Amino acid sequence: MFAMKASTLILVVGLLLTAAFLLLAEREPAVRLAPAEAVLGFGFGGSAQPDQGGASASDDLVMQPALMQPGPTGREVQARQTFTPAPEGVRPYLPILMYHYVRYVDRAVDPLGFGLSVTPEQFAAQLAWLHSNGYETVSMADVARCIRGEGPCPARAVALTFDDGYLDAYTEALPRLVAYGSTATFYIVSDFIGRPGYMGWEELRALRDAGMEIGAHSVNHPDLTRMRLDELRDQVGRSGAVLAAELGQPIVSFCYPLGRYNDTVMAVTREAGYRSATTTRTDLSQYDPFALPRLRISGDTSQARFEEMIRAYLP
Ligand SMILES: [Zn+2]
């Protein structure tokens, strides 16, 4: 009887300690980083996204521990390091590339779709060039660790990201990524899983099992700057929670739908337990993990232009 009580006590103490640790670990930074634009002096008045009103609910935010992950272990971040580290203290720029579709689109018929797509051949050529020029690919979890100063940064690496969870991520992108020993991060809209044209759980599990990172991209792809705080929390938190529960791993990377975000959206994303969030902007520094810039790769990105973009950051 006594033994049972003791073990119960140990369990309770352990849980309390874990909870306390998680609270402390996830509440960083105590002082929120200024938006990168403000730091860079771009004159946007400190607003993360100047062209939108957004909800001015920042003041009402109650800093509370996030509930998106299934349990204490869910908050741990995999420290799988597959890249060649830069010398200690050196933090090279990490180009983050943004893709949507890997497919064929007739530009004349669907100019918008063309802009969001690269052909399988274009994508393979890009991977081949990265591979043969000594670039490595890293996950957004790796990027988040590097930016936060947690462990080494990759010396010469590029992060590939795919938005929205289209089916061709599985049919076209995955086999080519695997062929070049590359990794990528796939941002998934949780309510779109299994819809026509989108990946289902089977495909997402295959991505996971191939070493790809799965990130969240909201529940149904709304403009997160235009909703009530409770809706915002649901969109941000539940999308990751659904993915984490089904895939059995923490979801640490988020991508703002439509590239829309503001200070409130950033704060909620941080509170929800994510480690980074990507935008669709290119003019940001890489100092705020919740406002990361990306380089758009589209149908009219020639191979020469692609190489030029990467070399501009990593000669
Ligand atoms: Zn999207």
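**Group meeting presentation: strands, helices and buried residues in a predicted model**

Good morning. The protein I am presenting has 10 helices and 10 strands. Please keep in mind throughout that this is a predicted model. Of its 315 residues, 39% count as buried. If we take the contacts between residues at least 6 apart in sequence, 70% of them join residues at least 24 apart.

Let me begin with the strands.

Strand S1 covers residues 96–99, and both of its faces are covered. Ile96 and Met98 lie on one side, Leu97 and Tyr99 lie on the other, and all of these residues are buried. Which strands pair with S1? One of them is strand S5, residues 157–164, which runs parallel to S1 and is joined to it by 4 bridges. Another is strand S10, residues 295–296, which pairs with S1 in the parallel sense over 2 bridges. Leu97 is a useful residue to look for here. Its bridge partner in S5 is Leu160, and in S10 Leu97 stands opposite Leu295.

I turn now to strand S7, residues 213–216. Glu213 and Gly215 point one way from this strand, while Ile214 and Ala216 point the other way, and all are buried. Strand S6, residues 185–188, runs parallel to S7, and 4 bridges join the two. Within this pairing, Tyr187 has Gly215 of S7 as its bridge partner. What kind of unit do S6, helix H7 and S7 make? Together, with H7 spanning residues 201–209, they make a right-handed β-α-β unit.

After S7 comes a loop that leads to helix H8, and two of its residues deserve a remark. Ser218 lies in this loop between S7 and H8, and so does His221. Ser218 is not a glycine, yet its phi is positive, at about 85 degrees. His221 is likewise not a glycine and has a positive phi, of about 65 degrees. Are these residues buried or exposed? Ser218 has 26 other C-beta atoms within 10 Å, and is therefore buried. His221 has 17 other C-beta atoms within 10 Å, so it counts as partly exposed.

The next topic is how helices pack against one another.

Consider helix H4, residues 120–132, and helix H6, residues 168–179. Their axes come within 10 Å and cross at roughly 25 degrees. Angles under 35 degrees count as roughly parallel, and H4 and H6 are therefore roughly parallel to each other. The crossing in which H4 passes H6 is right-handed. On the H4 side, the contact is made by Pro120, Phe123, Ala124 and Leu127. On the H6 side, Glu172, Ala173, Arg176 and Leu177 take part.

A second pair is formed by helix H8, residues 229–247, and helix H9, residues 263–271. Their axes are 9 Å apart, and the helices pack at an angle of about 45 degrees. That angle makes H8 oblique to H9. The crossing of H8 and H9 is right-handed. Leu232, Arg233 and Val236 of H8 make the contact with Thr264, Val265, Val268 and Thr269 of H9.

Beyond H9, in the loop that leads to strand S9, we find Arg275. Why does Arg275 count as buried? It has 25 C-beta neighbours inside 10 Å, and the count needed is 20 or more. Arg275 and Pro289 are 14 residues apart in sequence, while their C-alpha atoms are 7.0 Å apart in space.

I will close with helix H5, residues 140–147. This helix is mostly covered, with 7 of its 8 residues buried. The buried residues are Met140, Ala141, Asp142, Val143, Ala144, Arg145 and Cys146. After H5 comes Gly149, which has a positive phi, near 75 degrees.

Met140, in helix H5, allows us to connect several parts of this presentation. It has 30 C-beta neighbours inside 10 Å and therefore counts as buried. With which residues is Met140 in contact, leaving aside its neighbours within four places in sequence? They are Ala159, Thr161, Thr185, Glu213, Gly215, Ser253 and Ser276. Glu213 and Gly215 are the residues we met as pointing one way from S7. Met140 and Val252 are 112 residues apart in sequence, and their C-alpha atoms are 8.4 Å apart in space.

Thank you for your attention.

Definitions and conventions. Residues are numbered from 1 along each chain as its sequence is written. This is a predicted model: local features need pLDDT of at least 70, side-chain atom pairs count only at pLDDT 80 or more; totals for chains, interfaces and linings use all residues. A residue is buried if 20 or more other C-beta atoms lie within 10 Å of its own, exposed if 12 or fewer, and partly exposed in between; C-beta atoms are placed from the backbone. Two strands pair if DSSP finds at least two bridges between them. A crossover is right-handed if, with the strands pointing away from the viewer, the path from the first strand over the helix to the second runs clockwise. Axes are lines fitted to C-alpha atoms, for helices over the stretch in contact, and angles run from 0 to 180 degrees between N-to-C directions. Angles under 35 degrees count as roughly parallel, over 145 as roughly antiparallel, 65 to 115 as roughly perpendicular and the rest as oblique. A crossing is left-handed if the near helix is turned anticlockwise from the far one by less than a right angle, and right-handed if clockwise. Two residues are in contact if their C-beta atoms, placed from the backbone, lie within 7 Å.
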